[in-house]
Amino acid sequence: MQLYLPIAEASVNAFLILGIGGVVGFLSGLFGVGGGFLITPLLFFIGVPPAIAVATGANQVVASSISGVLAQVKRKAVDFKMGGVLTAGGFAGSSIGGVVFDYMSRLGQIDVFVQLSYVVFLGGIGALMFQESLRALLRARRPGGAPIRRSHVHSWVHGLPLKTKFRASGLYISILPPLAVGAAVGFLAAIMGVGGGFIMVPAMIYFLGMPTRVVVGTSLFQIIFVSGYTTLMHAMTHHTVDIVLALLLIVGGVVGAQFGAQAGTKLKAEQMRILLSLLVLGVAIKIGYDLVATPAELFNISGVRS
Amino acid sequence: MNRVALALALIVLPAISQLARAQEQIVAGLSQNHVQITANFDGSSILIYGAVKRDTPDPGTPPLAVIITTEGPSAALTIRKKDRVVGIWLNRDSVNIDAAPSFYDVSTSMPLAESLSETDDLRFRVTLPHRIRAIGITGEAANSEDFVTALMRIRTAQGRFRTEENEVQLVQNTLFRADVTLPSDLVEGNYKVRMFLTRGGHVVDQKDMTIFVRKAGLERFLFNLAQEQPLIYGLISLAIAVIAGWAASAGFRWLRGR
């Protein structure tokens, strides 16, 4: 069934978009990530203009994050105070990201900039995650080799001013590091059309020292607001949110996510992490290859914004 | 005296214009002059039909041809060329085109080379290269002509630029018809249809018509809302996301709970 997208001004196959939403939703439910890092490149791939893919991807992330966070709230696995601080940073980062996005668009380098961001961040995080989960998997194989992790590692982060208590996380730290983490992830969210959970989660664990129990829920909680803000920003300044495209992605995505979450209960945490890292690495390698390989068409056309 | 001159003028002037007017004229119509882009829009086919009206019998030679061009709204464009910089392909040189049609179709009743002389092509700006306005691009990049060629190549591959020789059916040198297929990724605006009647490559008559392409229904509503009320549009987008996200998790919990 062909459907005309009012903002993208193109006719697409509705079932293809539903399918993309469904598959990505399944993976995001399985791994507990927003899935923006898959949706946006896939939209590029089927020919949706980058600006529309990024803005519409952000809208889709809102839906999948809400779907995910509700379960986490029930489990009391959301640190609302930490989420609020991260969100405040996220708004600032997202605003700066929007300005950079505009500037790069005018230079004609936005495609490469977005692709490079994907390669660097997905590649970096994917490699770290792969290495870490492989080690954990090997350790789990050995009898009696349970991993020992200290819950409190003191570093320079703990010496900063403006300290406050984050009860749900059991932390007493400065609000500056969470603000900075929020800003960095918000910046990437605006540019890459992603929620940024894949960066947020490791940053929370290793940089802020939050307990794993509240990490996913707090990350999802914060992503709702930052992605919502990003969506509004793109809608207001560029008119690039395609509501029909978003609706198709969301319907496919939320249904897929529920099946993914069910399937996820059958996998072990280590196995899941290693699969997710492979997926993230795969996307990074594919995009990286496209940057380096000689393109079939050297020329490209873009409209001049009036 | 004055009155005589006026009378003379009244008699002579129409005669002169009659002479100057083409011996053969186009009478034509479109199957539809409004195209509405709705949610299930998947391209549209428009029948262009007409006849050659003449006061004197068909002289037969030189050969008669009909050329029909359909042109979508023009817009300014930037064409960029990628170059390898430290192993990565980056957009480097760029050329700004003042105006290029978003869609251009040339249909002819016989091969273009036989139906249109180069001078008349230039005069009436019939073929695609004459419709692309690219003034002063030579200073913008080396081999700037390559950029225009690339534009034509890319849009031809997308089916947006077409040359369809022998697509116009001309019957008995009098009746003609052609089908123009508008693609599904149509840009809104006025599509100009030009019909040329040529003899031995020279244009003897031209007739212009317009097809109005508009978004309609929900598409129109959403597009206007996004442009004119971006805040409300953005909030609606978010509301859909919030409701869908909540409904999915609530719905599945209910299914599982049963």
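This short talk walks through a predicted model of two chains, A and B, beginning with how far it can be trusted and then turning to its helices and strands.

Because this is a predicted model, local features need pLDDT of at least 70 and side-chain atom pairs count only at pLDDT 80 or more, while totals for chains, interfaces and linings use all residues. Residues are numbered from 1 along each chain as its sequence is written, and chains are lettered from A, with ligands numbered from 1, in the order in which they are written.

Let me start with confidence. The model scores ipTM 0.79 and pTM 0.77. For chain B the average pLDDT, which is the predictor's confidence in each residue on a scale from 0 to 100, is 86, and 91% of the residues score at least 70. Within chain B, confidence is highest in β7(B), at 95, and lowest in helix α1 (residues 2-20), at a mean of 53; helices here are DSSP runs of H or I of at least four residues, strands are runs of E of at least two, and both are numbered from the N terminus. Over residues 14-21 of chain B, pLDDT stays under 50, and the model has zero contacts for them beyond four places in sequence, where a contact means that the C-beta atoms of two residues, placed from the backbone, lie within 7 Å. Where pLDDT is low, the predicted coordinates should not be read in detail.

Now to the place where the chains meet. Here 48 residues of chain B are in contact with 46 residues of chain A. On the chain B side, the elements giving two or more residues are β5 (74-85), β6 (88-101), α4 (144-157), α5 (217-228) and α6 (230-257), and α6(B) gives the most, with 16 residues. That side divides into 30 nonpolar, 11 polar and seven charged residues, counting Ala, Val, Leu, Ile, Met, Phe, Trp, Tyr, Cys and Pro as nonpolar, Asp, Glu, Lys and Arg as charged, and the others, Gly among them, as polar.

Which helix of chain A packs against α6(B) at an angle of about 35°? It is helix α3 (residues 50-74) of chain A, and the two axes are 8 Å apart; axes are lines fitted to C-alpha atoms, for helices over the stretch in contact, and angles run from 0 to 180 degrees between N-to-C directions. The residues that make this contact include A:V62 and A:I66 of α3(A) and B:L238 and B:W246 of α6(B), and the contact divides into 11 nonpolar, six polar and no charged residues.

Strands also join the chains, since strand β5 (residues 299-303) of chain A pairs with β5(B) in the antiparallel sense over five bridges, two strands being paired if DSSP finds at least two bridges between them. In this pairing, A:G303 stands opposite B:L77.

Within chain B, six strands form an open sheet of mixed pairing, in the order β2-β12-β11-β4-β7-β8. Its edge strands, each pairing on one side only, are β2 (34-37) and β8 (161-164), and neighbouring strands are turned by 15° against each other on average, direction ignored. Strand β7 (residues 104-108) and β8(B) pair in the parallel sense over four bridges, with B:R162 as the bridge partner of B:D105.

Finally, within chain A, helix α4 (residues 80-107) packs with helix α8 (residues 212-237) at an angle of about 30°, their axes 9 Å apart.
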